[in-house]
Amino acid sequence: MLFNFKVLEQLIGFSREAFLQLSPAMAQLIESTPHEVQQLTLSYQQQNHKSFEYSLHKLRGSYATLGATALPEMSRTIEQVLQQQGRLPSANDFQLYLECLEQTATALELWVSQFKYSSDPSHPDVSLYIQYLENNDMQAYSLFQVQRAGWIAYLGPENFVLMEQDMMMLNFTAVAERLKQSLNRQVKGSD
């Protein structure tokens, strides 16, 4: 597993305000990763142990804080060998690390991108949300929390309470059906 996204969900506290505060830091990490990879690669090529360890440790800490799992483990192993034996990883191990880093950065970027589909919490993207629900994607739960005001406006207070109860029980099938019915009512009403 590359990421424990529950860590991110806890960090943003399931609120739009927390996400808006944390989002620039995540975007900066994603944006700076290619530069950090260049620094790390240069340090590796130059056999600069101190610079290599610094970059490795920096990336490990940044991604671990957000819930990355595989990358920090890999980094820790490489750091231990560097500190205890004074040697850099083999070319193969370094390549595996870089691949893991790229996959981890991509996973974070994809997770963050879910919030870009409908950044206005007053207008949830119902069709996209139904897709999350039908795939039993836990991000549906996070998105529900971020867009609470939009769901209340869309569904009305009574239906929102019913949807919230289903969400709290992680009954995604019931929520998807409720939203499909709501969409069908809107389509029939506009005919």
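**A walk through the helices**

Let's start with one residue: Thr-33 is buried, because its relative accessible area is 5% and the cut-off for buried is under 20%. Keep in mind as you look around that this is a predicted model. Thr-33 sits in helix α2, which covers residues 16-45. What lies 2.6 Å from a polar atom of the Thr-33 side chain? That would be the backbone oxygen of Leu-29. Leaving aside residues up to four places away in sequence, Thr-33 touches Tyr-63, Leu-101 and Ala-105.

Tyr-63 is a good residue to follow next. Again not counting residues up to four places away in sequence, Tyr-63 touches a whole list of residues, including Phe-3, Leu-29, Ile-30, Leu-71 and Leu-108. Tyr-63 is also one of the residues with the most contacts inside the largest nonpolar core, which has 28 residues. Others in that group are Phe-3, Met-26, Leu-40, Phe-52, Tyr-97 and Leu-108. Which helices each supply at least two residues of this core? They are α2, α3, α4 (70-85) and α5. Helix α5 gives the most, with 10 residues. There is also a second, separate core of 19 residues, and among them are Ile-130, Met-163, Met-167 and Val-175. Here is some background to go with that: in soluble globular proteins, nonpolar side chains tend to be buried together.

Ile-130 from that second core brings us to helix α6, residues 126-134. Ile-130 is buried there, and so are Val-126, Leu-128, Tyr-129, Tyr-132 and Leu-133. Just after α6, look for Asn-136, which takes a positive phi of about 50°.

Now for the aromatic rings. The model has 5 aromatic pairs. One of them joins Phe-52 and Phe-94, with 5.7 Å from centre to centre and 55° between the planes, and it counts as tilted. How many residues apart are Phe-52 and Phe-94? They are 42 residues apart, so to speak a link between distant parts of the chain: Phe-52 is in helix α3 (residues 49-65) and Phe-94 in helix α5 (residues 91-113). Both Phe-52 and Phe-94 are buried. Together with Tyr-44, they form one aromatic cluster.

Compare that with Trp-151 and Tyr-154. Their ring centres are 6.0 Å apart and their planes meet at 80°, so this pair is edge-to-face, since the cut-off for that label is over 60 degrees. Trp-151 and Tyr-154 are separated by about one helical turn, because they are 3 residues apart in helix α8 (residues 148-155). An α-helix has 3.6 residues a turn, so residues three or four places apart point the same way. Are the two buried or partly exposed? Trp-151 counts as buried because its relative accessibility is 0%, whereas Tyr-154 is partly exposed, with a relative accessible area of 22%.

Let's finish in the loops. Gln-47 is in the loop between α2 and α3. Its phi is near 55°, a positive value in a residue other than glycine. Where is Leu-170? Leu-170 is in the loop between α9 (157-168) and α10 (172-190). Leu-170 isn't a glycine either, yet it has a positive phi of about 55°. Leu-170 is partly exposed, because its relative accessible area is 42%, and that label covers values between the 20% and 50% cut-offs.

Terms used:
Residues are numbered from 1 along each chain as its sequence is written. This is a predicted model: local features need pLDDT of at least 70, side-chain atom pairs count only at pLDDT 80 or more; totals for chains, interfaces and linings use all residues. Side-chain values use heavy atoms; hydrogens and water are left out. Helices (H or I, at least four residues) and strands (E, at least two) are DSSP runs, numbered from the N terminus. Buried means under 20% relative accessible area, exposed over 50%, partly exposed in between (1.4 Å probe, protein chains only). A polar contact is a pair of N or O atoms within 3.5 Å; within protein, one must be able to donate a hydrogen and the other to accept it, and residues adjacent in sequence count only if both atoms are side-chain atoms. Contact means heavy atoms within 4.5 Å. Rings of Phe, Tyr and Trp (its six-membered ring) pair if their centres lie within 6.5 Å; planes under 30 degrees apart count as stacked, over 60 as edge-to-face and the rest as tilted. A nonpolar core is a set of buried Ala, Val, Leu, Ile, Met, Phe, Trp, Tyr and Cys residues joined through side-chain atoms within 4.5 Å.
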